[in-house]
Amino acid sequence: MNKSKLGLPIGTTLDRFIKRKEEEFSYATGELSQLLRDIALAGKIINKEVNKSGLLDITGGVGGKNVQGEDQQKLDVVANIRFTRALKNGGMTCAIVSEENRKIIHLNPNCRYVAAIDPLDGSSNIDVNVSIGTIFSIYKRISPVGSRVREEDILQKGTEQVAAGYILYGSSTMLVYTTGRGTHGFTLEPSLGEFVLSHDSITCPENGKIYSINEGNFYKFDPWVREYIEECKQNQLSARYIGSLVADFHRNMMKGGIYLYPNTEKDPNGKLRLLYECNALGFIAEQSGGLATDGHQRIMTIQPETLHQRTPLYLGSAKMVEKAVSLIPATL
Ligand code: AHG
Ligand code: MN
Ligand code: MN
């Protein structure tokens, strides 16, 4: 049998993998394991919706609604409903912050964990059959179990994440996650309906040949960003940009590359959200040997002030990120 670096066979189911990891912590209560299983379940449900999104569009176009009134909704709203419901029913989450909800969603106050989610990442690709994703971060609440969750429970630095990951709905569907002991990838085996270990202890190459940025914004970028792009061209790097952060990041982590979403004058904090996009991918990147920074500090050390805060993001292969941000002038 093909043994993975972790000593667990490739093909081990996610459930078994999570259980084995839990056994390594004598103090583990099993709650986080259950929460990860809830997320995997949500991923499978959303995967089903994603797979039939073309059909949903037809239904929506005709003006039809199902009994729950969901058919006409956009897939990202459907994903939000599915994800929230799975975490609620799983019973391990006391609150969620989601891209799709302005305020905190309060669940069972007797639970220890809060989740930050981007239920469907890559909205512009939903209708055109291009890879999209789901991103999640898990934190332990600060306030006492049993009390109402407060904003401070959610507004924690990325360094406090106990787990984070994403589900990529691509040519195959993958769940990639970390609990701070490496980054591991599981591929959905569709006939079994199970995520199975396919990529253990993923290592992001230190250097790569890919740069990913929305170059249409070239003239809006700071001079140092333009200089870096010019350098990428001079070095004949490949430009690859899907417009789904999860998919762009995943490719770059596997092959070696850098993802950039800089600030501009119009958007001084860039576009991407700290709590449910950047922190999770920062954690995954670092656990695979890569880097994530806003240009001035590690993404994961930024103290969030608001739920939907944005940040510039430079993410991926360590040497490429270091090189890019070394061009930032001291005055910026
Ligand atoms: P979301 O679909 O969750 O709103 O996120 C979209 C994000 C991200 O996935 C992607 O990398 C980026 O927006 C693309 O932005 P541009 O179209 O500005 O390049
Ligand atoms: Mn997103
Ligand atoms: Mn989204």
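This is a guided tour of a predicted model, moving from the whole protein to its metal ions, its ligand 1 and three individual residues.

**The whole chain**

Begin with the entire protein in cartoon view, where 9 helices and 13 strands can be traced. The C-alpha trace spans about 55 × 50 × 45 Å along its principal axes, and the radius of gyration is 20 Å, which agrees with the value near 20 Å that a compact globule of 332 residues would have. If you colour by burial, 53% of the 332 residues fall in the buried class. Switching to a surface view, the accessible area comes to about 15,000 Å², and 49% of this area belongs to carbon and sulfur atoms. A contact map adds another aspect of the fold: among contacts between residues at least 6 apart in sequence, 64% join residues that are at least 24 apart.

**The manganese ion, ligand 2**

Next, select the manganese ion (ligand 2) together with Asp118, Asp121 and Glu277, whose side-chain oxygens (OD, OD and OE respectively) are its protein donors at 1.8 to 2.1 Å. Along the sequence these donors follow the spacing D-x2-D-x155-E. Colouring by secondary structure shows that aspartate 121 belongs to strand E3 (residues 113-121) and glutamate 277 to helix H8 (residues 274-287), so that this pair links distant parts of the chain, 156 residues apart. Aspartate 121 and glutamate 277 are both buried.

**The manganese ion, ligand 3**

Which residues coordinate the manganese ion (ligand 3)? Select Glu99 (OE), Asp118 (OD) and Leu120 (O), which lie at 2.0 to 2.2 Å from this ion, and note that their spacing in sequence is E-x18-D-x1-L. Aspartate 118 deserves to be centred in the view, as this residue bridges ligand 3 and ligand 2, the two manganese ions lying 3.7 Å apart. Glutamate 99 is in the loop between strand E1 (93-98) and strand E2 (105-106), whereas aspartate 118 is in strand E3, so the pair ties together parts that are 19 residues apart in sequence. The two residues also fall into separate accessibility classes: aspartate 118 is buried, with a relative accessible area of 0%, while glutamate 99 is partly exposed, at 25%.

**Ligand 1**

Now display ligand 1 with the 16 residues around it, of which Asp121, Ser123, Tyr241, Tyr259 and Tyr261 come nearest. Asp121 is thus a residue already selected, being one of the donors of the manganese ion (ligand 2). Three polar pairs can be drawn as dashed lines to oxygen atoms of ligand 1. The side chain of tyrosine 259 places an N or O atom 2.7 Å from such an oxygen, a polar side-chain atom of lysine 271 lies 2.9 Å from one, and a backbone N or O atom of leucine 245 also lies 2.9 Å from one. On its own ligand 1 has 470 Å² of accessible area, and the protein covers 83% of that.

**Threonine 293**

Move to threonine 293 in strand E12 (residues 291-293), and ask whether this residue is buried or exposed. Threonine 293 is buried, because its relative accessible area of 11% is under the 20% cut-off. A polar atom of its side chain lies 3.1 Å from the backbone oxygen of glutamine 297. Leaving aside residues up to four places away in sequence, threonine 293 touches Arg298, Ile299, Pro312, Leu313, Tyr314, Val321 and Val325.

**Serine 53**

Serine 53, in helix H3 (residues 53-62), also counts as buried, at 16% relative accessibility. Its side chain reaches the backbone oxygen of valine 50 at 3.0 Å. Beyond the four neighbouring places in sequence, serine 53 touches Leu75 and Ile126. The C-alpha atoms of serine 53 and aspartate 127 are 7.4 Å apart in space, although the two residues are 74 apart in sequence.

**Lysine 5**

Finish with lysine 5, in the segment before helix H1 (14-23), which counts as exposed at 63% relative accessibility. Which residues does lysine 5 touch, when those up to four places away in sequence are not counted? Select Asp200, Ser201 and Thr203 to see these contacts. Between lysine 5 and aspartate 200, which are 195 residues apart along the chain, the C-alpha separation is 6.6 Å.

How values were computed: Residues numbered from 1 in each chain as written. Chains lettered and ligands numbered in written order. Predicted model: local features only at pLDDT ≥ 70, side-chain atom pairs only at ≥ 80, totals over all residues. Heavy atoms only, no water. Donors = N, O, S within 2.8 Å, 3.2 Å for Na, K, Ca; no water. Helix = DSSP H or I, 4+ residues; strand = E, 2+ residues; numbered from the N terminus. Buried < 20%, exposed > 50% of the residue type's maximum accessible area, 1.4 Å probe, protein only. Polar contact = N/O pair within 3.5 Å; in protein donor to acceptor, adjacent residues only side chain to side chain. Contact = heavy atoms within 4.5 Å. Rg over C-alpha atoms; globule rule 2.2 N^0.38 Å. Areas by Shrake-Rupley, 256 points an atom, 1.4 Å probe, with all protein chains shown as cover. Near = heavy atom within 4 Å.
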